[in-house]
Amino acid sequence: MRLRKRKRCFPSCSSLRKVDEDEIYWRHRKEDEELEWTPNSTHLISQLTQCFTNAMVGSRSWIGGLFNRTGTNKRNDKFVDYPLSPAEEERLQRLQERLQVPYDETRPDHQESLRALWHCSFPNVSLEGLVSDQWKDMGWQGPNPSTDFRGCGFISLENLLFFARKYPASFHRLLLKKDGKRATWEYPFAVAGINISYMLIQMLDLCSEKPRCLPGTNFVKLLGENEEAFDILYCIAFEMMDAQWLAMHASYMDFNDVLQATRNQLERELSLEDINKIQDLPAYNLL
């Protein structure tokens, strides 16, 4: 039986505004340089995450401005339509339906997912509440993580939770910044995670009825082979981003460049001819 026709992806993708407010960051740069970061300082972590998100996309809409500015998301005019197998079509449709779900802090299942993320992240620390300054220690902007999901929706929480459950050793290594020589000012883990989710949605052209770029068309084939391909690709991208961060000796002001370098590497790997399953990606070995 022919699968029903998919609806176009969630409207917020087509209505994202171009945001360029990096001057907010630079205005406060000199005074921030005098602050010394320590892992246990909730106040300083809060200051860091706010500067970090302003530097990326500004205060009005902190998801979306970066890649609209880079110009790397242009469509290929030579795109040729391609058929989808029933499995590819069905799984792409389900993934796009996930993209349409906003985070709703009143839904019990969304609340439970957020609690689960905390317990996976800090299993030996009791959570005081869904609104708590404890969340800043994970790299959220403030005490209520729900405000950070507005730009990318529930799938960005699902991605983080999948990473924590599927690859707990890798997750905690990145969360706690265990590897390499680190900058005094590090990227906030949770904020970076949401931006990685958004980057993948744009890179793979998932807001179109079906992807029109080579990495996106090849990704659909991987999705047909493994329904968890998007979530696994998210984990790979997070590992790649952290590796780029260390290789570039980056500080928080360099995050845009680090994320763009990560995207470029992912696009190259997804354009290889001999990639038949998600495990074939060279960067899969990072997990």
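Q: How far apart along helix H7 are glutamate 112 and arginine 115?
A: In this predicted model, the side chains of glutamate 112 and arginine 115 meet in a salt bridge, with 3.9 Å from N to O. Both residues belong to helix H7, which spans residues 108-121, and they are three residues apart there, so their separation is about one helical turn.

Q: Is lysine 136 buried or exposed?
A: Lysine 136 shares a salt bridge with aspartate 133, at 3.2 Å from N to O, and aspartate 133 counts as partly exposed at 43% relative accessibility. A residue is called buried when its relative accessible area is under 20%. Because the relative accessible area of lysine 136 is 13%, this residue is buried.

Q: How many residues apart in sequence are the parts that glutamate 228 and lysine 166 tie together?
A: Glutamate 228 and lysine 166 form a salt bridge in which the closest N and O atoms are 3.7 Å apart. Glutamate 228 lies in the loop between helix H11 and helix H12, whereas lysine 166 lies in helix H8, so the pair ties together parts whose distance in sequence is 62 residues.

Q: At what angle do helix H8 and helix H9 pack?
A: Two packed helices are described by the angle between their axes and the distance between those axes. Helix H8 covers residues 154-166 and helix H9 covers residues 168-175, and their axes lie 5 Å apart at an angle of about 115°.

Q: How many helices are there in the chain?
A: Every element listed from the N terminus on is an α element. The chain accordingly has zero strands, and its number of helices is 13.

Technical notes
Residues numbered from 1 in each chain as written. Predicted model: local features only at pLDDT ≥ 70, side-chain atom pairs only at ≥ 80, totals over all residues. Heavy atoms only, no water. Axes fitted to C-alpha atoms, helices over the stretch in contact; angles between N-to-C directions. Helix = DSSP H or I, 4+ residues; strand = E, 2+ residues; numbered from the N terminus. Salt bridge = Lys/Arg side-chain N within 4 Å of Asp/Glu carboxyl O. Buried < 20%, exposed > 50% of the residue type's maximum accessible area, 1.4 Å probe, protein only.
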